[in-house]
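Biologist: I'd like to go through this structure with you and ask how each label was earned. Shall we start once it is on the screen?

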Amino acid sequence: MILLGLMKSAAAAVLIAYLTFTNGIADFIDAHLLHTPTETTAPQAETELRPLGEGLAERAIPRVLLDHLEYQRAAALASKETEPPAAVPEGESLTDAVEKSLVNIFCQYKTDRFIRTTTGSGFFINRKGVIITNAHVAQFLVLEDAKNLTGNVECVIRTGDPAEPRYTAELLYISPAWIFDNADLITEEAPRGTGERDYALLYVSKSVDGTPLPTSFPAIPVDTALLTRSVAGSDAVTGGYPAEKLFKEGVDAKLEPVIASTTIGTLYTFGSNYADIFSVSDSPVGEQGASGGPVASLKSDDVIGLIVTKGDEETEGEHSLRAITLSYVDRTMKEETGFSLIDNMQGDLAARGAVFKKAMLPFLADILSSELNTTTRRD
């Protein structure tokens, strides 16, 4: 753990303050700021929902990518490209679009003594094959090329009903700040976290059977604009690959996509004074394995949230969820890279993924493999 602390300190070179506010137009503040959170920390999700008025949190944000010239050059070139945004096809319902965009991310960590299986959800947000998911789901892809790992890691992207192996994927981006703060969760059977910076981008690299990749993937549009308070109580559609079957029947269990109508609940802030995370009402999606799934607004036909944790069983229901807003993903990704969510999924994906690997993966893999190797030796 001392080594892990040193790694974190070395990477977190400077403190970057969260966005602060000046006095603005009253209507804007009333629409976009959260003034009085009505609920406290949810034990199930362990979410640190900070009351407003206590000042904004400062945290160490790694500057590795901000200072990496090759990464910055590749990102700048990609940001100038204009790609048509994803859209719900004419005549297709939002429910259908959510289901088609869903993927199941299935990883196994194998040693001489045991096999550990993890599963989570994700969804296509770019027609070229970009998938957004949670960092706690994608972290095993960091380890696929690790040099000092005791075991081997294999991940596959599954789609369909039931989920079948279809693609292999590579990391396009994973939040370094999340890895530094949560590396120890990789050894947890049912990891819990705050949801802060719990996101990653993957891109499909090839099909598992060697057939040519589709010319276009079923991407669903995303909305990175700030959420207004009026979204609370509105109708939404959510989806994922709940994995209770896997825990009951074993790794050969057939996982099925679940799509459900739901309602946006309370909006919370991590300390930015914006809507960073919100609750989602009870639904059949609310099981372990749904992490990384979308929450799409019926008002706009766009995805506005990324599922990160379960909700508070007592106040929100046994199958409730929490989702970080895509505006939060967009803002914090800019802090770490200098570029927006949209910018970070454009351009030559293979080339950009290679640059990210060169800049970050050896370092991140050392942190995660250290945690896994320690646990393996102890077991």
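Modeller: Happily, and one rule comes before anything else: two strands pair if DSSP finds at least two bridges between them. Helices (H or I, at least four residues) and strands (E, at least two) are DSSP runs, numbered from the N terminus. This is a predicted model, in which local features need pLDDT of at least 70 and side-chain atom pairs count only at pLDDT 80 or more, while totals for chains, interfaces and linings use all residues. Residues are numbered from 1 along each chain as its sequence is written, and side-chain values use heavy atoms, with hydrogens and water left out.

Biologist: What makes strand 4 and strand 5 a pair?

Modeller: Strand 4 (residues 115–126) and strand 5 (residues 130–133) share three bridges, and the rule asks for at least two, so they pair, in the antiparallel sense. One contact to look at is Phe 124, whose bridge partner in strand 5 is Ile 131. In the wider picture, a closed barrel of six strands runs 3-4-5-8-7-6 with antiparallel pairing. Its neighbouring strands are turned by 45 degrees against each other on average, direction ignored.

Biologist: Which strands form the other closed barrel?

Modeller: That barrel of six strands runs 9-10-11-14-13-12, again with antiparallel pairing. Here the average turn between neighbouring strands is 40 degrees, direction ignored. Helix 4 packs on this sheet, touching strand 9 (235–240), strand 10 (258–268) and strand 12. The direction of helix 4 makes about 25 degrees with that of strand 9. Contact means heavy atoms within 4.5 Å, and angles run from 0 to 180 degrees between N-to-C directions of axes fitted to C-alpha atoms, for helices over the stretch in contact.

Biologist: How do you know that strand 9 pairs with strand 10 and with strand 12?

Modeller: Count the bridges: six join strand 9 to strand 10, and three join strand 9 to strand 12. Both pairings are antiparallel. Asp 235 stands opposite Thr 263 in strand 10, while Thr 238 has Val 295 of strand 12 as its bridge partner. Strand 9 is also mostly covered, with five of its six residues buried.

Biologist: Why is Lys 147 called exposed?

Modeller: Exposed means over 50% relative accessible area, buried under 20%, and partly exposed in between (1.4 Å probe, protein chains only). Lys 147 has 79% relative accessibility, so it counts as exposed. This lysine lies in the loop between helix 5 and strand 6. The C-alpha atoms of Lys 147 and Pro 362 are separated by 8.6 Å, although these residues are 215 apart along the chain.

Biologist: And why do Arg 197 and Asp 301 get the labels they have?

Modeller: Arg 197 is at 1% relative accessibility and therefore counts as buried. Asp 301, at 34%, falls in between, so it counts as partly exposed. Arg 197 sits in the loop between helix 6 (176–182) and strand 8, and Asp 301 in the loop between strand 12 and strand 13.

Biologist: What stands out about the phi of Arg 197 and of Asp 301?

Modeller: Most residues other than glycine have a negative phi, and most peptide bonds are trans. Arg 197 has a positive phi of about 55 degrees, and Asp 301 one of about 60 degrees.

Biologist: Where is there a cis peptide bond?

Modeller: A cis bond joins Asp 161 and Pro 162, with omega about 0 degrees. Pro 162 is found in the loop between strand 6 and strand 7.
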